[in-house]
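This briefing is meant to be read alongside the sequence and the three-dimensional view. Please keep both at hand while working through the points.

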Amino acid sequence: MIMTIKELSQLYWLNREIEMDQKRLEELEWSAIPGSPTISDMPPGPHSNESKVEKLAAEIVDLKAIIAAKQIQCIHERQRLERYIADIPESEVRMIFTFRFINGLPWGQVAECIGYGNTADRVKKVCYRYLDAENKLSDASTDRQLSEAESRSYNYDLGVTTVLP
């Protein structure tokens, strides 16, 4: 399985979305606390049967459901990342990917966690070089598969019945 930086970063961004939604939920819950009644000489509006608190309560329920769905999505995304990282052959690279993409640490903190005098630039380069090498292997494999498919197609067109390995 090959992943891009965008795919690897989905867990980070999903967690940021959840944080944003939780802040919004907190604001809504504070807004839903009934305050002093509004006294006005104005006639009631067309939706006077529905109070502000009822509208906020409905919005709170909806937002809680959205947060719960994103939390489930987070679990699945984390599992997908963990499976991908587990398949990386080099231990140091696995650690870099875990600190960066599962724990969401900035490159400087990743370097500190790895230790051994690593810098943010070095761990970032290790990550990007691994992804580049993986993509090159994938491209070479795809080119080989296309070439084999074209060869089979050509042999089929000629009526050749030999089976290629």
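**A charge over a ring**

The charged end of Arg16 is placed over the ring of Tyr12, at 4.4 Å from the centre of that ring. The model in which this arrangement appears is a predicted one. The protein has six helices and zero strands, and the points below take up its overall make-up, one pair of helices, its aromatic rings and two individual residues.

**Overall make-up**

- Read from the N terminus, the order of elements is α-α-α-α-α-α.
- The protein has 165 residues, of which 24% are buried.

**Helices H2 and H3**

- Two packed helices are described by the angle between their axes and by the distance between those axes.
- For helix H2 (residues 10-31) and helix H3 (residues 52-86), the axes come within 9 Å and cross at roughly 160°.
- Because angles over 145 degrees count as roughly antiparallel, H2 is roughly antiparallel to H3.
- The crossing of H2 and H3 is left-handed.
- In the contact of H2 with H3, twelve residues are nonpolar, six are polar and ten are charged.

**Aromatic rings**

- How many aromatic pairs does a search of the whole structure find? The search finds six, and the two described here are among them.
- Phe97 and Tyr130 form an edge-to-face pair, with 5.6 Å from centre to centre and 80° between the planes.
- Phe97 belongs to helix H4 (residues 91-102) and Tyr130 to helix H6 (residues 120-158), so this pair ties together parts that are 33 residues apart in sequence.
- Phe97 has a relative accessible area of 0% and is therefore buried, since buried means under 20% relative accessible area.
- Tyr130, with a relative accessible area of 16%, is buried.
- Trp107 and Tyr128 form a tilted pair, with 6.4 Å from centre to centre and 50° between the planes.
- Trp107 lies in helix H5 (residues 107-114) and Tyr128 in helix H6, so the parts tied together by this pair are 21 residues apart in sequence.
- Is Trp107 buried or exposed? Trp107 is buried, as its relative accessible area is 11%.
- Tyr128 has a relative accessible area of 33% and is partly exposed.
- One aromatic cluster is formed by Tyr84, Phe97, Phe101, Trp107, Tyr128 and Tyr130.

**Ala57 and Glu29**

- Ala57 is located in helix H3.
- With a relative accessible area of 36%, Ala57 is partly exposed.
- Ala57 and Glu29 are 28 residues apart in sequence, and their C-alpha atoms are 8.1 Å apart in space.

**Tyr116**

- Where is Tyr116 found? Tyr116 is found in the loop between H5 and H6.
- Tyr116 is not a glycine, yet Tyr116 has a positive phi of about 55°.
- Tyr116 counts as exposed because its relative accessibility is 82%, and exposed means over 50%.

Note on methods:
Residues numbered from 1 in each chain as written. Predicted model: local features only at pLDDT ≥ 70, side-chain atom pairs only at ≥ 80, totals over all residues. Heavy atoms only, no water. Axes fitted to C-alpha atoms, helices over the stretch in contact; angles between N-to-C directions. Helix = DSSP H or I, 4+ residues; strand = E, 2+ residues; numbered from the N terminus. Parallel < 35°, antiparallel > 145°, perpendicular 65-115°, else oblique. Left-handed = near helix turned anticlockwise from the far one by under 90°. Nonpolar A, V, L, I, M, F, W, Y, C, P; charged D, E, K, R; others polar. Phe/Tyr/Trp six-rings, centres within 6.5 Å; stacked < 30°, edge-to-face > 60°. Buried < 20%, exposed > 50% of the residue type's maximum accessible area, 1.4 Å probe, protein only. Lys NZ or Arg CZ within 6 Å of the ring centre and 35° of its normal.
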